[in-house]
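Me: I have a model open and would like to talk it through piece by piece. Could you take my questions as they come?

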Amino acid sequence: MKPKIMQATAVAHPNIALVKYWGKRDVERNIPAVGSLSITLDGLTTTTTVRFDPEFEHDVFLLGGCEAPKMAQRVVGCLDRMRRRAGVSMHAVVESENDFPTAAGLASSASGFAALVIAADAALGAGFDRSELADLARQASGSAARSLFGGFVELRLTPDGPYPTETRQLLEPRAWPLRILVAVTDPGPKAVGSTEGMLMTELTSPYYREWVESSPADLLEARSAVERRDFEALADVSELSCLKMHAVMLSARPGLVYWNGTTVECIRRVRELRADGVAVFFTVDAGPQVKAVCLPEVYERVERDLAVLPGVTSVVESGLGGGARVVEDRR
Ligand code: PMV
């Protein structure tokens with residue numbers, strides 16, 4: 001009899017948080033200190049193939065065809081948790097490709113781990129439900145659970161629930177088809193990874209507690225803005241959450257400065273456009289890229305304005321995308 005091939009391929013898109021997550025309630029279990037609200041992109045894609053085989057002696061992880069030892073540790077950790085829950089012990093080869101720069105504040109770990117849990121679940125035939133997959137993704141990367149879903153997504157803390165967080169879709173992509181322009185100002189990897197940065201912030205920033213305590217109100221405001229499709233309200237609370245997160249990062253010791261001069265120029269330009277009545281707002285994650293979120297009718301104008309700024313190396317355009325999904329399942 002031909003041996004069973006336990007292989008599957010999944011795709012996932014990065015997501016961008018509009019209400020940010022920064023800080024951990026529980027480092028061991030990777031539980032975020034605050035809830036978050038994000039949009040899933042369609043213009044950037046991670047494709048991951050997982051193949052389990054009883055003959056493999058250990059796990060192998062390749063990113064863009066190359067070994068990536070730091071990420072490999074986290075991949076193995078995620079596979080171990082999945083194997084434990086599925087009651088199997090086989091090793092796997094995981095091959096992942098991003099069609100966008102890795103580790104530059106474009107949430108490649110989010111799409112990477114979302115694609116990994118979906119592909120590994122299909123390859124194992126484990127049949128985990130979305131909540132369990134979201135829990136597995138969240139343990140690997142706090143923002144990855146959000147990439148399991150498309151459109152507008154909320155991750156809530158649920159200390160009394162079956163899982164410590166719950167992730168759900170608030171709106172489908174086509175219900176409010178915003179556009180996103182990512183102004184790339186430095187395609188290189190970021191200096192301080194998010195986990196390290198979060199711990200440093202929690203331990204040393206005098207404003208960390210205020211950041212955590214003020215976050216639920218932002219989440220509520222953003223959820224209501226999304227439900228009402230109120231662009232101005234979403235713009236206000238998103239810029240507030242972004243600047244508050246960077247303020248708490250800057251107040252760590254030593255201060256975490258993820259921006260460069262061009263990041264600031266992009267923010268200024270987006271603010272000028274918004275003051276002129278153009279429906280656009282900015283957000284920035286743990287890296288120097290600026291994401292401009294806008295209504296579809298103004299995106300060409302915003303793109304033109306960002307592309308000409310000195311220091312902007314490219315502008316990547318995206319709409320809202322769907323959640324992580326299996327594209328090939330060979331079992
Ligand atoms: O999921 P992580 O550990 O890469 O952290 C993500 C942190 C931010 O991107 C800065 C904010 C967020 O909510 O995505």
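Me: To start somewhere specific, which residue lies over the face of Tyr299?
Reply: In this model, which is a predicted one, Arg179 lies over the face of Tyr299, and the distance from the ring centre is 5.1 Å.

Me: OK, rings then. How many aromatic pairs does the structure hold?
Reply: The structure holds three aromatic pairs. One of them is formed by Trp22 and Tyr258, which meet edge-to-face, with 6.2 Å from centre to centre and 80° between the planes. This pair links distant parts of the chain, since Trp22 sits in the loop between β2 and β3 while Tyr258 sits in the loop between α6 and α7, 236 residues apart.

Me: And are Trp22 and Tyr258 buried or exposed?
Reply: Trp22 is buried, and Tyr258 is buried as well.

Me: What about Phe231 and Phe281, how are those rings arranged?
Reply: Phe231 and Phe281 form a tilted pair, at 5.5 Å centre to centre and with 50° between the planes. Here too distant parts of the chain are linked, with Phe231 in helix α6 and Phe281 in strand β13, 50 residues apart.

Me: Why does Phe231 count as buried?
Reply: Phe231 has a relative accessible area of 8%, and buried means under 20%, so Phe231 falls into that class. Its partner Phe281 is also buried, with a relative accessible area of 0%.

Me: Switching to sheets. What is the strand order in the open sheet of four strands?
Reply: The order is β2-β5-β10-β11, and the pairing is antiparallel. Because β2 (15-19) and β11 (165-171) stand at the edges with a single partner strand each, one side of each of them is left without a neighbour in the sheet. On average, and with direction ignored, neighbouring strands of this sheet are turned by 30° against each other.

Me: How many bridges join β5 to β10?
Reply: Four bridges join β5, residues 36-40, to β10, residues 152-157. If you want a place to look, Ser38 has Val153 in β10 as its bridge partner.

Me: And which way do β7 and β9 run, parallel or antiparallel?
Reply: Strand β7 (residues 60-63) and β9 run parallel, joined by four bridges, and in that pairing the bridge partner of Phe61 is Val94 in β9. With β8 (residues 66-67), on the other hand, β7 pairs in the antiparallel sense over two bridges, one place to see this being Leu62, whose bridge partner in β8 is Glu67.

Me: What do β7 and β8 form, and what is in the turn?
Reply: They form a hairpin with two residues between the strands, and Gly64 in the turn has a positive phi of about 60°.

Me: Which residues other than glycine have a positive phi?
Reply: Asn30 is one of them, with a phi of about 50°, and Arg229 is another, with phi near 50°. Asn30 is placed in the loop between β3 and β4, whereas Arg229 lies in the loop between α5 and α6. As for accessibility, Asn30 counts as buried because its relative accessibility is 8%, while Arg229 is partly exposed, at a relative accessible area of 39%.

Me: Where is the cis peptide bond?
Reply: The bond from Arg253 to Pro254 is cis, with omega near 0°, and Pro254 is found in the loop between α6 and α7. For background, most peptide bonds are trans.

Me: Last topic, the inside. Which residues touch the most other members of the largest nonpolar core?
Reply: That core has 40 residues, and those touching the most other members are Phe52, Val117 and Leu148. At least two core residues come from each of β1, β6, α1, β9, α2, α3 and β10, and α2 supplies the largest share, eleven residues.

Me: What is Phe52 in contact with, leaving aside its neighbours within four places in sequence?
Reply: The contacts of Phe52, with those neighbours left aside, include Met6, Leu79, Met90, Ala120 and Leu124, and also Arg83 and His91. Another core of 31 residues lies apart from the largest one, and among its members are Ile16, Ile39, Trp176 and Val182.

Technical notes. Residues numbered from 1 in each chain as written. Predicted model: local features only at pLDDT ≥ 70, side-chain atom pairs only at ≥ 80, totals over all residues. Heavy atoms only, no water. Pairing = 2+ DSSP bridges. Axes fitted to C-alpha atoms, helices over the stretch in contact; angles between N-to-C directions. Phe/Tyr/Trp six-rings, centres within 6.5 Å; stacked < 30°, edge-to-face > 60°. Buried < 20%, exposed > 50% of the residue type's maximum accessible area, 1.4 Å probe, protein only. Lys NZ or Arg CZ within 6 Å of the ring centre and 35° of its normal. Core = buried A, V, L, I, M, F, W, Y, C linked by side-chain atoms within 4.5 Å. Contact = heavy atoms within 4.5 Å.
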